[in-house]
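Trainee: Got a minute? I've pulled this one up on screen and could use some help finding my way around.
Mentor: Sure, let's have a look together.

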Amino acid sequence: MKSQHPNSFGALSTLTVDGRNYRFFSLKKFESQFGKSVSNFPHSMKVLVENLLRLEDNLAVKKSDIETLATWNPKAEPDQEIQFTPARTVLQDLTGVAAVCDLAAMRSAMKRLGGNPDRINPLTPADLVIDHSVNVDFFGQKDSFHKNREKEYLLNKERYEFLKWGQKSLRNFRVVPPETGIIHQVNLEYLATVAMTSANEGESETVYPDSCVGTDSHTTMINGLGVVGWGVGGIEAEAAMLGQPISMLIPQVVGMKLTGKTREGITATDVVLTITQILRKKGVVGKFVEFFGQGVAGLTLADRATIANMAPEYGATIGFFPIDEKTIDYLNLTGRSHLVPLVRAYYQEQGMWFDPSATPLFSDVVELDLTSIEPSLAGPSRPQDRVTLPKVKEEFSKSLPTLLSQMKDPEAKLESEIKLTLNGVDTRIGHGAVTIAAITSCTNTSNPSGLITAGLLAKKAVEQGLRVKPWVKTSMGPGSKVVTDYLSESGLLPFMEDLHFNVVGYGCTTCIGNAGPLIEEVSKAVTDGKLVVASVLSGNRNFEGRINPQVRANYLASPALVIAYAIAGTVNLDLTTEAIGTGKDGKPVFLKDLWPTNAEVEALVSRHVTAGQFKKSYSDVFAGDEYWARVQAPEGTLFSFDENSTYIKEPAFLQELTAQPKPLSDIRGARVLGLFGDSITTDHISPAGSISKNSPAARHLLSLGVEQKDFNSYGSRRGNHEIMVRGTFANIRIKNKIMNGVEGGLTKKFPEGTEMSIYDAAVTYKKENTPLVVIAGKEYGTGSSRDWAAKGTMMLGVQAVIAESYERIHRSNLVGMGVLPLQFLTGENADAHGIKGDEKIDIEGITTVQPGQKLKARITRADGTSKEILLQGRIDTANELEYYKNGGILHYVIRGMLKG
């Protein structure tokens, strides 16, 4: 803490814990000086108030900003800006490689412009967890993990060498090596301190709330531990690492009151799917959600983390649980008991300790009686589309015609079954066959109760002689090694392995699109039979085309139900009334025969999940295994980019950086690169998953001599802009209305009307010096906070996006890459204005644009007629305007450092 802190409200105080003095900024003192109480604020808002009090500097944070926040009107539409500075940043390796690549490129740019490249370092703690690079190529065998790990290191050699360079060369930056766990679980179980401390020379340590932003939208999982944190784009995270505060509008806070207690047999997955459906219907996009009420007190911290994890699915910025004894219990369990005295003393002193009987000041309140929750799944293509277990068969049948129609194949039939031979045995599969069953890391493997339930179900199934159907690709990707420790010590892991749920890797697998191919014979049968087959996974994302390109019906479920459906082999049955299989005695076995009691689960959790396991797993977490030790990394302040590399390239958008930004100009004669409907996700926009053999990215790799077997994934090549820009808008399921609903990354080049890939059209338009716009419907940019959804958009030559509404992160990322986000006025959209995609568009007022300003657009049709409309500018804050004027946030930071 700087000694010249203004301390305008006299809030600086001293807290003594175990004989040690800490400086802190007291909310109680602030209240007494300011004359207005914040004690009835939601706990998450108190974190923001403390943040501004502590970081007041008369520049980014002024006294008036603190007063504005402290007089928060929970009912007001957000229109007042504050600067929030997170305590730390967490990155996963897909976005993290791109972030480190940008930092390396920024160092090179600083050198070219005469600055000191060594100034480019994270200024706040940054941790990168390598967890998104393992693919499920091998499964169902004892050596699956070993083989997948070997292939992971082989395919990602360049990336890992580069990240190890970052680990050595960048200060304040740590790397958790591959096959340790998933970022969210490592953050929850180890990285988070709940109460953070820092010190300047000559001063006592300052204690303050832990907070973070992360380059994965599910960073919100840490909200379950009482830590404010959310997902941001890679470019926004980089700016935070470089000392830039997060510019944000003071949010509304929706309180979700939980009452009652879940019934026998209800899992945390059932709870979170119910909450997701309720809150998505309520509409909480861009808002904080904070849980309160007596029902919260009864939830384990693992349950809270499961619920917090899926905040992006219900649309909230955060899904926050305040700190209480469950937080303390979890810190003790996970080997962090040394943190407990300070955490308890600080949060109690600040009035930030959870009281289940209190009702804070909320913008709105939603109630849920936990007793009412039923066993549930979500699908077939959205996390909010909850279906109760008894209705799965019925709802699948209802969705089948739509799923079939998406094939655009007249030979696809409602009744279809195909014969195939698997392991020497003839069998048949039809619509609804479960071809992927994955216990995948993100949402559920941090929850011991969920995994123990699955293990007990597996044990009972094996004992009754049940087997997984041969057409099912099974996998288990735990979020940390602690999971396999307690499954092994409880004696349940062998039963899961008997059902082929062997560990395939420690990281993000199926949810991110790393499920790998279907079983070869099954893949052929799906194609030949034109089948709508299913996946069942214990994750949080099931958007179309995400899990596997051949799998059109995707269901989120608890780990135990994943195993149950793998045994059943189809979603086209009612597991509550129909037999899951036939036992060794020849009698039918039902799900109720296998499902363990709560008492059985709790007994094993209390006995076999121990602090010793966590201490062992995280004792030397940054060292890695023998594979990581063998990775050779270059040395030096500057990274020597290899022009021949197909993985790591110096980003083009920083190579021509000038010391001064170019003046803004209006957009004239723009063409529409893509005209899209509602719910276009960052999965649709940003390259993810496998690289299709017919895609522009594939053609580029082939031209460089890379064979198809070595394509790897878009995520693994995230540090190569040449690949990523070719994969932008190239999703196999994206539908461009210019193409009359044809799936794939295609468009028409105007005025000729020639059909081609979106990338090829963008290249042609660029040669003609034609600016581009993208037009879309509601909720544009929902999903994971992928920076390449914005980077790729910019690199294609798109200067503006016009949508009916945006997901928070993507809108921010567009601004961060110098792309202008615009919004149709309420009640208006592309259809209302008769936009077909062959028009020319002019946008005026950009040269004098201000936050929240409306701009005028002229739409000129192919027949020469035109109309003028108003569009709402979505540059929301003064900081964002500066980023936009500079052509992006990284450009702004470099220029600021040059001046400084």
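**A walk through the model**

Mentor: Let's start with one residue: Thr 443 counts as buried, at 1% relative accessibility. Bear in mind that this is a predicted model.

Trainee: Okay, where does Thr 443 lie?

Mentor: Thr 443 lies in helix α16, which covers residues 441-444.

Trainee: And what does the side chain of Thr 443 reach?

Mentor: The backbone oxygen of Gly 539, at 3.5 Å. There's also a polar contact of 3.4 Å between the side chains of Thr 443 and Asn 309.

Trainee: Which residues does Thr 443 touch?

Mentor: Leaving out residues up to four places away in sequence, Thr 443 touches Met 221, Thr 306, Asn 309, Met 310, Ser 538, Gly 539 and Asn 540. So Asn 309 and Gly 539 turn up in the touching list, and the Thr 443 side chain reaches the backbone oxygen of that Gly 539.

Trainee: Let's zoom out. How many helices and strands are there in the protein chain?

Mentor: The protein chain has 34 helices and 34 strands. Its radius of gyration is 27 Å, close to the 29 Å that the globule rule gives for 900 residues, so the chain is as compact as a globular protein of that length.

Trainee: What box do the C-alpha atoms fill?

Mentor: Roughly 80 × 75 × 55 Å, taken along the principal axes.

Trainee: And how much of the chain is buried?

Mentor: Buried residues make up 63% of the 900. The protein chain exposes about 31600 Å², and carbon and sulfur atoms supply 48% of that area.

Trainee: What about contacts between residues 24 or more positions apart?

Mentor: Among contacts in the protein chain with a separation of 6 or more, residues 24 or more positions apart account for 76%. Here's one pair to click on: the C-alpha atoms of Ala 76 and Pro 251 are separated by 9.1 Å, with their positions 175 residues apart along the chain.

Trainee: Is Ala 76 buried or partly exposed?

Mentor: Partly exposed, with a relative accessible area of 31%. You'll find Ala 76 in the loop between α3 (63-70) and β3 (81-84).

Trainee: Switching to sheets. In what order do the five strands of the open sheet come?

Mentor: The order is β6-β5-β4-β9-β10, and the pairing is parallel. β6 (173-176) and β10 (228-231) stand at the edges with a single partner strand each, so one side of each has no neighbour in the sheet. From one strand to the next, the twist averages 20°.

Trainee: How many bridges join β9 to β10?

Mentor: Four, with β9 (residues 211-214) running parallel to β10. If you want one to look at, Ser 211 has Val 228 in β10 as its bridge partner.

Trainee: Which helix lies across β4, β5 and β9?

Mentor: That's α8, residues 234-241, lying across β4 (88-92), β5 (126-129) and β9. Helix α8 runs at about 145° to β4.

Trainee: I also bookmarked Asn 156. Where is Asn 156 placed?

Mentor: In the loop between α5 (144-155) and α6 (157-169). Asn 156 is buried, with a relative accessible area of 1%.

Trainee: What does its side chain reach?

Mentor: The side chain of Asn 156 reaches the backbone oxygen of Glu 152 at 2.7 Å. Setting aside residues up to four places away in sequence, Asn 156 touches Ser 133, Asn 712 and Ser 716.

Trainee: Last stop, further along the chain. How many residues of helix α31 are buried?

Mentor: Six of the eight residues in α31 (788-795), so this helix is largely enclosed by the rest of the structure. The buried ones are Trp 788, Ala 789, Ala 790, Lys 791, Gly 792 and Thr 793. Just after α31, Gly 797 takes a positive phi of about 95°.

Trainee: And why is β30 largely enclosed?

Mentor: Because five of the six residues of β30 (798-803) are buried. Strand β30 pairs in the parallel sense with β29 (772-775) over four bridges, and Ile 775 has Ile 802 of β30 as its bridge partner. β30 also pairs with β31 (820-824), again parallel and over four bridges. There, Ala 800 is matched with Leu 820 in β31.

Trainee: Great, I'll go and click through those now.

Notes
Residues numbered from 1 in each chain as written. Predicted model: local features only at pLDDT ≥ 70, side-chain atom pairs only at ≥ 80, totals over all residues. Heavy atoms only, no water. Pairing = 2+ DSSP bridges. Helix = DSSP H or I, 4+ residues; strand = E, 2+ residues; numbered from the N terminus. Axes fitted to C-alpha atoms, helices over the stretch in contact; angles between N-to-C directions. Contact = heavy atoms within 4.5 Å. Buried < 20%, exposed > 50% of the residue type's maximum accessible area, 1.4 Å probe, protein only. Polar contact = N/O pair within 3.5 Å; in protein donor to acceptor, adjacent residues only side chain to side chain. Rg over C-alpha atoms; globule rule 2.2 N^0.38 Å. Areas by Shrake-Rupley, 256 points an atom, 1.4 Å probe, with all protein chains shown as cover.
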